[in-house]
Structures are given as structure tokens and as C-alpha cells.
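Subject: Structure for you to look at

Dear colleague,

Here is the structure I promised to pass on, with my notes below it. Please read the notes with the coordinates open beside you.

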Amino acid sequence: MFFSWFRISPVGPARTILVTSFMLHWAEPRALTIPECRRLMSFPDAFRIPEGLSFRAAWKLLGNAVPPLMMRAVALAAKKSLGPQKRPSRKKKKAGRRKRGARAANSSGRIDEAGMLRMIDGAKNVLLIEPPYKRKYPSLALAKIAARLKTYGAAFRYRRGVDGEPFDLACVTSLFTTDGAKTLGAVRAAEEAGGGAPVLLGGVMASLMPERFERNTGARIFVGPSEALDAEVPDLDAVSEGVEDPWDTFSYLQTSRGCPNKCDYCAVWRMEPKLWVNPRWKLQVIDDRPNICVCDSNLTGSRRGQFEEVVAFLAHSGKGVLFEEGLDCKFITEARAEVLAKLKFVRHGMRLAFDRIEEDGTFQRALGRLADAGVPKSQTMAYVLFNFNDSPQEADYRMRECVRLGIRPYPQQYQPLNKTSRKPAYVGPKWTRTLMQAFRFFWLMAGSYTKMKFEEYFTTNAEKYKATDADWAAWNVPFRPKKGARRRRTSS
Ligand code: B12
Ligand code: SF4
């Protein structure tokens, strides 16, 4: 219930927002809006009020809240007044001196989460750099850093390289190691342009190969994910320049980190050794974006109950869903298939993986469950890894199983995790370069695989590919699937 009304001043400080009073705009005949109150209370714009609240309920929520900037000031003052908690022993003092000395001698090197956050929170003018590699959707990491900078009122701008304007901190992100040269170039350019301003680097490549940057740059390197950054609500608008349709129609949901599996070819368990659930994941959904891209590396293998909670939330949202990283077929039970069938998927939004022959049978069973529950095959796709330890015919079998079961296979060519350039492409021990190229092309050419088999395609185009005896020898290594696996088929 509102008891009183106040008109706020256009220049002076506003009154305290109370649950029992109501504020009017200084010039316009209207109450302040909820986003205006949110700013008055010093919440960042990216902070979302839970969906479905009435105006009064949202006002009450803000009225009862403690302004974050005020709490920050209180906490800092308390920290200062407490002083050092414990007198360090002589031994510790000596070790600290040694550490500080080493750091001064070499200002590059790794930085822990607390140090990284101090650098970000203390900056006033930040250049956010996403190196100029190809990417599909906006950098979630930089979007999270942007949200944090906004909270503290720092100025920042997002660029694909340096821009000639001054900055007091450059934050560079990194993605695929195969774009190593572009990332290294971006870090060096930031160091040159910054005139001594610190450069902070994080992301996938920085986590997989930090020593490469330690050796070649003076950047401070943050390894692995940061729970504090992950809990920020990404400010996608701040980093979306150049992001093309349809990727600007998606909210990006990262509800968890880590994976219980340890596949040899994968970086996830190396970079994210801990299973972690983001306590604020629901806030990542942007109301006016019609689709949601779920970016968890293995949502199906996350903490107990997380999959069910996320899928129920997605079903309730009514938005188009894309499981970008694919679900793990061994965790698709009948109950899970049923809840998945309630989702509205974007085209090929329901994704699984058939990366290893050991999954033969489990994969078909999962597809059967999904089809029985009513998930349309036209919306289902499977990632199929090739060029790892598999043989060409074995990989071809996994691809063909997808086609036989009525879904689209998507070939994923294996590259070693520490590979720092795209060319020359890595060739797996049972493959040849020519066979690998032809295989990838054939399976990416939508429709061609429904008309003919790969062997037929390769024979017909042998001259074009200049196929040699070595290519045929690699192809002719026979493969026989495990008995019974193919019988576990989907219902039609
Ligand atoms: C999303 C994604 C994609 C998307 C692209 C993303 C985009 N922006 O367009 C798509 C689907 C296109 C894709 C494709 C591929 N991908 Co991919 N992908 C991912 C995935 C799942 C998430 C990356 C991500 O955005 N994470 C979200 C952000 C928030 O997390 P983050 O970047 O780690 O950032 C955190 C920290 O690192 C840190 N941080 C990051 N930057 C910065 C900067 C600063 C200054 C600071 C302080 C901190 C910081 O803070 C953040 C918060 O915790 C990763 C797996 C993973 N778990 O990382 C694989 C991954 C990057 N992909 C991988 C691979 C192999 C591929 C493919 C090559 C697969 C294939 N064979 O076809 C293709 C390559 C396509 C190409 N163009 O070359 C490998 C990379 C291996 C490598 N050697 O680099 C990974 C690691 C997966 C794996 N299983 O091994 N991928
Ligand atoms: S299940 Fe997926 S995310 Fe987990 S380790 Fe294997 S490939 Fe990586």
C-alpha cells in the first residue's frame, strides 16, 4: 500500500525510496518508472527485476533493498578500519618480500581471481578487446566484465583491437587456440597503445596455454573461469557490435560450469575442473529476445536437479531453445526425454553428440527416447567428432547412423587442444589429409549424404581430389559395429 507521494528534484539528491511512498517525475505528470528507481538505488542496468512482478511488487523490492554502492562503501570502510587481521610471522614476511620482489622483476604472469577483480574494479577507463578472430555470438566474458564495470560507473568501450583512444586498463579475451596469432597480436597492440597501462588477459586460450602469453607478453593472465564474473548478468548490448542475425535474437544462458566426464579430446574438464552452478542464471534471460542459447558444456551432467530446473524454466519461457553444446546421450532417460519434448526448439536446436564409438547403442537409445516422447527429428542434430583416434569408416558409420535415424549429423573435425594455427590442419593417425577434406565437405553439404554414400562420392571425385593409394588404404580399413547397437533404433 502506498501512503504518500513526493516529487523529486531534477538537480538535488532524491529522497530515500520507501516501500510506503511513491515518487513523481520532476517535470512529467507520472511516477518514476522501475528502471529509473533501479538506477537511483545504484543497481546496474543489467540487474533484472524478476519477471512477472506487478509495479507495486517491483517497487517494494527496490524499496526494501540496500543500495549496492552504499554497501560497497560500508564494506570498504569496515575493511580499512579492521586493518591487517593478523601480524604475519617473520617467515611469512620474508616469503612475502620474496614474492613481491619476483613480481616487480617480472610484471607479467598469472593473476588470481581476487587480483583480477581488483584490477577491474579499480579501473576508470577500460578498453574491452575481442581479438579479430571469427566468432558467431558476442563474447560472454567481455559482456560480464562490461556489466561489472557499469556497476562501478567506469567508462568502457568494446573493440576488435586498439582504437587510438587512451585507456587505463585493457581487458583482452581469448577463444580458440587456433586463433593464437590474432590473440597474441591483440595483446601486444594493447601493450603498445596503452603507454604502460596494464593489460589483463583471460579466456579459453589463456587458460589452456598461459605460458605462451607469459613468455611473449607482459600481460596479467587470468586462468580458468571466475565465479564472480560468471555471476554477473552479461551486458550483451555493450559487446554486440558486428554480431549477425540470428545471434542477436538470443539470450545466452550459462547455468553451470564443468563436466563429470574426462574425454581425451576435450578442454572443458581441464579448464573447469569443478562442477559449479551459477546461482543467478535465471537473470541472464533478456525479455525481448525470442530465443535462448544454452551454453553449458554438459547440462545433463550438472549438479542433481539442475537439468530439470533449467528445462522446466525454458519450457515456461515459451522461447525458442538451442542446446549449443549438445546433451550427453547417456544421461537422456525417458523422464528427461518427456520434459525435453515440452520445449520449443529453434531449427536443429536439440543437439546431442555421437563422438565415440563406445556410445554406439547408447546414442541410438537416447534418440529413440526423444522420438518416442515427441521431440521432432527435424529439430534434432548430432555433433560427430572425426579425425581423432577413429578410422574413416568408423566415423562414417556414426554419421550414417544419424542419417538412418532421421537426424542431421554435424561433423566436428578434431584439432589438438594446443594447436595455435588453423593451417596446416592436423591429420589424425588413421586419416590422410585428402580423405579428411573430402569427408568434411561431403558431410557438410546438406542433402548430399541423403543421395549417396561417402565412398561413392569419393570414387566419383577421386580425380578432383587427386586421391592416391594412401588415401584408399586409409579408407579401406574395415569397420564392423558392435552387435545389437543398430537394433536400438528410434521409433518412426
Ligand atoms: C560457445 C563455444 C563455441 C561457439 C563459439 C562461441 C562464440 N563466441 O562465437 C561455437 C559453437 C561456434 C564453437 C565452435 C567450435 N568450438 Co567451441 N566452445 C564454446 C564453449 C562451449 C564456450 C566458450 C564461451 O563462450 N564460454 C563462455 C565464457 C563466459 O566463458 P569463458 O570464455 O571461459 O570466460 C570466462 C573465463 O575464461 C574468464 N575470461 C574470459 N575472457 C576474459 C578476459 C579477461 C580480461 C578476464 C579477466 C577474464 C576472462 O572469465 C569468464 C567468466 O568465468 C567452449 C567450452 C568452454 N567451456 O569454454 C568451447 C571451445 C572453446 N570450443 C572448442 C572447439 C574445439 C570448437 C570447434 C573447433 C569445434 C569443431 N571441431 O568444429 C569449433 C570452432 C569453430 C571455429 N570458428 O573455428 C574448444 C577449444 C579448443 C581449443 N583448442 O581452442 C572448446 C574449449 C571446447 C572443448 N570441448 O574443448 N564453440
Ligand atoms: S562430455 Fe562433452 S564436455 Fe564433458 S568432457 Fe566429454 S566432450 Fe567435454
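Methionine 381 has arginine 408, in strand β17, as its bridge partner, and I begin there because this part of what is a predicted model can be followed from strand to helix to strand. Helix α15 packs on the sheet, where it touches both β16 and β17, and its direction makes about 175 degrees with that of β16. Taken in order, β16, helix α15 (residues 392–404) and β17 make up a β-α-β unit that is right-handed.

The two strands of that unit, β16 (residues 380–386) and β17 (residues 408–413), pair in the parallel sense over 6 bridges, and a further pair of bridge partners is tyrosine 383 with tyrosine 410 of β17. They belong to an open sheet of 3 strands, ordered β15-β16-β17 with parallel pairing, in which β15 (350–353) and β17 are the edge strands, each pairing on one side only. On average, and ignoring direction, neighbouring strands of this sheet are turned by 30 degrees against each other.

Another open sheet has 4 strands in the order β9-β12-β13-β14, and its pairing is parallel as well. Its edges are β9 (250–253) and β14 (344–345), each of which pairs on one side only. Within this sheet, β12 (residues 291–294) and β13 (residues 320–323) are joined in the parallel sense by 4 bridges, with isoleucine 292 standing opposite valine 321 of β13.

As you work with ligands, you may ask which residues are around ligand 2. They are Cys259, Asn261, Lys262, Cys263, Cys266, Val268, Trp269, Ser297, Asn298 and Asp328, and by character this shell divides into 5 nonpolar, 3 polar and 2 charged residues.

For the chain as a whole, there are 20 helices and 17 strands, and the C-alpha atoms fill a box of roughly 80 × 60 × 45 Å along the principal axes. Of the 492 residues in the protein chain, 34% count as buried. If one takes the contacts between residues at least 6 apart in sequence, 77% of them join residues at least 24 apart.

With best wishes

How values were computed: Residues are numbered from 1 along each chain as its sequence is written. Chains are lettered from A and ligands numbered from 1 in the order in which they are written. This is a predicted model: local features need pLDDT of at least 70, side-chain atom pairs count only at pLDDT 80 or more; totals for chains, interfaces and linings use all residues. A residue is near a molecule or strand if its C-beta atom, placed from the backbone, lies within 6 Å of it. Ala, Val, Leu, Ile, Met, Phe, Trp, Tyr, Cys and Pro count as nonpolar, Asp, Glu, Lys and Arg as charged, and the others, Gly among them, as polar. Two strands pair if DSSP finds at least two bridges between them. A crossover is right-handed if, with the strands pointing away from the viewer, the path from the first strand over the helix to the second runs clockwise. A residue is buried if 20 or more other C-beta atoms lie within 10 Å of its own, exposed if 12 or fewer, and partly exposed in between; C-beta atoms are placed from the backbone. Two residues are in contact if their C-beta atoms, placed from the backbone, lie within 7 Å. Axes are lines fitted to C-alpha atoms, for helices over the stretch in contact, and angles run from 0 to 180 degrees between N-to-C directions.
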